[in-house]
Amino acid sequence: NMTPAQALAKAKVQFGERILIEAGTSIIFELIDQGLIDQLELSVTPVTGGDHPIDWQDLLNRFANHTHSNIDGTDFYVARN
């Protein structure tokens, strides 16, 4: 058992500096807040329901720069510090 930050540190030792993380928002926010994520790639589709909407603008606001493109109604963002 380890924290997300500890798991990321272990993965960097085993696999190198470039690690892809696919996780829920609580883990992503935790790693961003600790300064451990330097790039976020996010796709946003129109809302169709759900009980726990994600504040994706808050995610983007945690990064200094981001780019945006739209393909067939889906917004794609790449955010970097």
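Let me start with the largest pocket, which is lined by 33 residues, with Ile21, Ile28, Leu40, Glu41 and Leu42 lying nearest its centre. A pocket here is an open set of points on a 1 Å grid over the protein atoms alone, with protein on both sides within 12 Å along at least five of seven lines, where a 1.4 Å probe fits, and a lining residue has an atom within 4 Å of a point. The elements that give two or more residues to that lining are helix H1 (4-15), helix H2, strand S1 and helix H3, and the largest share, six residues, comes from S1. The volume of this pocket is about 1,000 Å³, where volume is the space filled by probe spheres set on the grid points, which are joined across faces, edges and corners. By class, the lining has 17 nonpolar, ten polar and six charged residues, with Ala, Val, Leu, Ile, Met, Phe, Trp, Tyr, Cys and Pro counted as nonpolar, Asp, Glu, Lys and Arg as charged, and the others, Gly among them, as polar.

Before going further, a word on the source: this is a predicted model, in which local features need pLDDT of at least 70 and side-chain atom pairs count only at pLDDT 80 or more, whereas totals for chains, interfaces and linings use all residues. Residues are numbered from 1 along each chain as its sequence is written, and side-chain values use heavy atoms, with hydrogens and water left out.

Now the overall layout. The protein has three helices and three strands, and along the sequence they follow the pattern α-α-β-α-β-β; these elements are DSSP runs numbered from the N terminus, helices being H or I of at least four residues and strands E of at least two. The C-alpha atoms fill a box of roughly 40 × 30 × 20 Å, taken along the principal axes. Of the 81 residues, 22% are buried, where buried means under 20% relative accessible area, exposed over 50% and partly exposed in between, with a 1.4 Å probe and protein chains only. Among contacts between residues at least 6 apart in sequence, 51% join residues at least 24 apart, a contact being heavy atoms within 4.5 Å.

Turning to the strands, S3 (residues 74-80) pairs with S1 (residues 39-44) in the antiparallel sense over six bridges, and two strands are said to pair if DSSP finds at least two bridges between them. In that pairing Val44 stands opposite Asp75 of S3. Strand S2 (residues 65-71) also runs antiparallel to S3, joined to S3 by seven bridges, with Arg80 as the bridge partner of Asn65.

What lies between S2 and S3 in the hairpin that they form? There are two residues between the strands, and Asp72 is in the turn. The phi of Asp72 is near 50°, a positive value in a residue other than glycine, and Asp72 counts as exposed because its relative accessibility is 79%.

Thr74, by contrast, lies in strand S3 and counts as buried, because its relative accessibility is 16%. Leaving aside residues up to four places away in sequence, Thr74 touches Ser43, Val44, Thr45 and Ser69. In the loop between S1 and H3 sits Pro46, whose relative accessibility of 57% makes it exposed; the C-alpha atoms of Pro46 and Ile71, 25 residues apart along the chain, are separated by 12 Å.

Finally, the charged pairs. How many salt bridges does the structure hold? There are three, a salt bridge being a side-chain nitrogen of Lys or Arg within 4 Å of a carboxyl oxygen of Asp or Glu. The side chains of Arg62 and Asp33 meet in one of them, at 2.2 Å from N to O. This pair links distant parts of the chain, with Arg62 in the loop between helix H3 (56-61) and S2, Asp33 in helix H2 (residues 25-33), and their positions 29 residues apart in the sequence. Arg62 also forms a salt bridge with Asp58, the closest N and O atoms being 3.1 Å apart, and Asp33, Asp58 and Arg62 are thus linked in a network of salt bridges. Within this network, Arg62 is partly exposed at 30% relative accessibility and Asp58 is partly exposed at 27%, while Asp33 is exposed at 55%. The side chains of Glu17 and Lys12 meet in a salt bridge as well, at 3.9 Å from N to O; Glu17 is exposed, with a relative accessible area of 61%, whereas Lys12 is partly exposed at 26%.
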